[in-house]
Amino acid sequence: MKNLEKLFAELATSTLQNQTRRHFLMDCVSKVGGLAMAPLLFGCEPDKTVKTPAGLQLSERDLNPLAPLSPPFVGKAKSIIYLHMAGAPSQLELFDFKPELAKLHNQDCPESLLEGRKFAFIRGVPKMLGPQANFSQHGQSGAWVSDYLPHFSKVVDEVAFLKAMHTDQFNHGPAQLFMQTGSPRLGRPSLGSWVTYGLGTENQNLPGFVVLTSGGKTPDAGKSVWGSGFLPSVYQGVQCRSKGDPVLYLEDPSGMSRDLKKNVISAINQVNKEDFDGFGDPEILARINQYEMAYRMQIEVPEVMNINDEPEHIHELYGTKPGEESFANNCLLARKLVEKGVRVVQLYDWGWDTHGTDKDGSIDMGLRNKCREIDRPMTALLLDLKQRGLLEDTLVVWGGEFGRTPMQENREGKVQGFKGRDHHTDAFTMWVAGGGIRKGSSYGITDDFGFSGIEERTSVHDLHATLLHLMGFDHEKFTYEFQGRPFRLTDVEGELIHSILA
Amino acid sequence: MLDFILPLFGRFHPLLVHLPIGILVFGIILVFLSKAGQNTHFASIRLAFLLGGIAAAVSSVSGFLQYQYEGFEWESIQFHLILALLTTAVSFWLWYQLNRGETLPPFFKIKSAVLVLLLTMTGHLGGNISRGENYLTEILPLDLQSFLGIEIEPEKGPQLLEENWENAALYSEVIQPILNQNCKSCHNPRNLKGELDLTTMNGLLAGGEDGLVLTAGDATHSELYTRMILEKDHDDHMPPAEKRQPSKEEIALIEAWIQGGGKEKGTLAEAAIPRKLIEPFIARNEVPFYPVTTIPEMAADSLAALKLSGFFAEGVESGSGLLKVSCINFPGFQDSDWTMLAGAKNRLAYLDLSGTKVSDSILDSLGGMPNLTVLKLNNTAITGKSLEKLALLPHLKLLYLNNTGVNLSQIQDLTSSKSFEKVFVYETPAAGEISNAGKLSLPFLVESGNYTLPKLATDTIVY
């Protein structure tokens, strides 16, 4: 048998050696032609197309890219609010209760955990760091939540925890990209772009995908985390300003009436249209669309983006203070946007990178301060969505880009001045709530240190597959043709997390 | 007394059918061996066609009798029978032609070739009836089968019911389906790879060419189990790396079964199988959210017309005839505008009229919509008068009345409905009444909201 295999291998090699450039060119004559035939024979039915005077085939989608589309199957949710804690919060101080870890506090980290591993900053043998928060069980589901999140612990029965999430990137930028686009490298569309591309948006006066940031900084990975990658640029996230006017120049300049503005825009669009008829460049269409969208946004945006008119009890619920940049304001805006038919609202809150290098980055002080900033608003968001019935068909996702180590960080081999944890890819907690989610469930079990998931591990792709499923997509069939192959948000991976589905 | 004669004769059909095939094929071979102008085989050819024709007739009669007595369906045998009669007729016709001269008639080779074709097709159809249509294709490699365009129905794994999964038989309802799904394609009575048949208990106990695969009570010495848990790239790993791999629950179930003695009898409860292992196999009785209808998809131009009038409109899923319609960009919608939607009345499954200028009289129009499942009337001038009309909607599940004038007694009037699941009455007179009334016993959930979060010391402590 072995000899036979050898013979075949030899045959294969000699066949290859005998292939010359001429053979290749000869093959090209017939086979490349065949390749060109393939799409004609097996291609999908093309979209209905419109022929422009310039002879360009355009689908209805090109002309009106944000028009609503039916999902492939009935989705449980129609919008997503994604709360991304940029910097990665510590699961060990919030949700993943590890009493065993407390017993090991300040002891050397067992060799077994370090073998063959690389950490972002930890070098040599670090000390273990016990949980710095007090945990107790909450709600009917008995979920463990620490005293860092006293408000949130009252609504645990609304959410599903994923406690053994894992990723493969231990630096913020790539990990955030991975979490948002399914790939740690640049160039892929974000989750929000995929969804907006697939479903369009309900409210034609507002963008389909809005991004709001807080915490003083935007995510390390930059705007690519809400970019559209290879999808048409109209599907990228629209970042609104966190302070002052969310969108600039919405007011008509003094002396210019609404009608006059309308005339100006239709004149510009007319010129653009003539240009388009002449050259057929679809980017001109994008421009026409943008002008029209900008004009329509003037009607809706001032009302939606203004939280001043919200009643007092709502401000109290969220802890909002109009005018300043805060996660609370963004949460309230997120609710208003979803209520107004925006497809995806992405919130980034910066400041969760608790290495223990300073007070703000410490597990016992800085992290508490960050928790205080989000605890009330995110709890209020869930309750507000619930009382309005929006939670029926809105998904709320909470999480960072990775987790934190059960070890005390020892940057450059030195003892840190504050308690801190390094980046950790093997286990972290996220939660999901809303349409189609099994309330009060928990999936994923980590080992006694909270170092690795031992059961029910879920990957970033699994999460994406599940979110797409809830929006009405089969993640394996939702593709976009680019550079000669169909691309998916979940690449070639991802399995539905059935256990958290209602 | 002699009733059995005819059915018995019918049962000789599988034997008799070989006679015409053999005799006629022999004759036809002689036809093709004959050289022009020579008549060496002529007499034999003539005899062959006569005998072949008679044999074909006898076969046809026996076949017909078998059809009569053995309960075959006409649909399944009709073409076989018609072709058989045609074969018989053509045989006799050719014999008749041969009888009229002393040399082969013109075009006789072509005519013979037609007879071969008829014979082959008749025989093939007969084989399909007795052996099944996939008799020839099922032993082909799966890749080749799918290349030939044969749809391979995947084996279904275990399927258990939520209500009585504990009483399901461990071997026949769980283990054997797992084996069928993962092993059967290579280890079945027809395709005995490694001399191993994993489709029956007997096969499992018999083992394969290397001996037994099952050691009752000891999974670590049962190859059935150990080869599944080898590293995927190990030479002995089963199923082969390129095939479907069993899930960890499936492997754990096989282990548990072997440990428990590998018995044919016994239920899941008796084997103390934890619920977690069988969770993936419990059929979820998913009731579709929207009603199931046969309404065809809305024509693209009518849908476009709806959108043009200002509605947000799309199918609830692609290909569905049911619609989701919202007035999110149509705040000026009023009662009289209903005419625009009336045509699509039966299609509306989700209707959002929030923030529009509708009044109580819109409820008259809304009544009698057969498929309406979600209705949103938030932020409208609805006072709740004649709200009970909505209880007549057969499929309405979610009703949104936030920030309207409805009161509690009007909500209570809705209890006659069997389909309601949730009613949202945040910021209404009803919400206030509910907070005073305390616990309500209604057949659906009423969400009155007004949530508050207490002020905690930790809200203000800055560390």
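Residues 45-65 of chain B are 100% helix and 0% strand, and the C-alpha atoms at the two ends of this span lie 30 Å apart. Here a helix is a DSSP run of H or I with at least four residues, a strand is a run of E with at least two, and both are numbered from the N terminus. This is a predicted model, in which local features need pLDDT of at least 70 and side-chain atom pairs count only at pLDDT 80 or more, while totals for chains, interfaces and linings use all residues. Residues are numbered from 1 along each chain as its sequence is written, and chains are lettered from A in the order in which they are written.

**Membrane annotation in chain B**
- An unreviewed UniProt entry places "transmembrane region" at residues 12-33, 45-65, 77-96 and 108-127 of chain B; such annotations may be inferred rather than shown by experiment, and their positions follow the numbering used here, with feature names shortened.
- The span 108-127 of chain B is also 100% helix and 0% strand, with its end C-alpha atoms 28 Å apart.

**Two helices of chain B side by side**
- Helix 3 (residues 18-33) and helix 6 (residues 108-131) of chain B pack at an angle of about 155 degrees, with their axes 10 Å apart.
- These two helices of chain B are therefore roughly antiparallel to each other, a label for angles over 145 degrees.
- Among the residues making this contact are B:Leu24 and B:Ile28 of helix 3 and B:Leu115 and B:Leu119 of helix 6; contact means that C-beta atoms, placed from the backbone, lie within 7 Å.
- By class, the contact of helix 3 with helix 6 of chain B has 9 nonpolar, 2 polar and 1 charged residues. Ala, Val, Leu, Ile, Met, Phe, Trp, Tyr, Cys and Pro count as nonpolar, Asp, Glu, Lys and Arg as charged, and the others, Gly among them, as polar.

**Where the chains meet**
- Chain A and chain B each give 28 residues to their contact.
- Strand 3 of chain B gives the most to the side that touches chain A, with 3 residues.
- That side of chain B has 15 nonpolar, 9 polar and 4 charged residues.

**An enclosed helix in chain A**
- Helix 7 (residues 172-181) of chain A is largely enclosed by the rest of the structure, because 9 of its 10 residues are buried, meaning that 20 or more other C-beta atoms lie within 10 Å of a residue's own.
- Its buried residues pack against strand 3 (79-86), helix 8 (191-199) and helix 14 (460-470) of chain A.
- After helix 7 of chain A comes A:Gly182, with a positive phi near 80 degrees.

Technical notes
Two residues are in contact if their C-beta atoms, placed from the backbone, lie within 7 Å. A residue is buried if 20 or more other C-beta atoms lie within 10 Å of its own, exposed if 12 or fewer, and partly exposed in between; C-beta atoms are placed from the backbone. Axes are lines fitted to C-alpha atoms, for helices over the stretch in contact, and angles run from 0 to 180 degrees between N-to-C directions. Angles under 35 degrees count as roughly parallel, over 145 as roughly antiparallel, 65 to 115 as roughly perpendicular and the rest as oblique.
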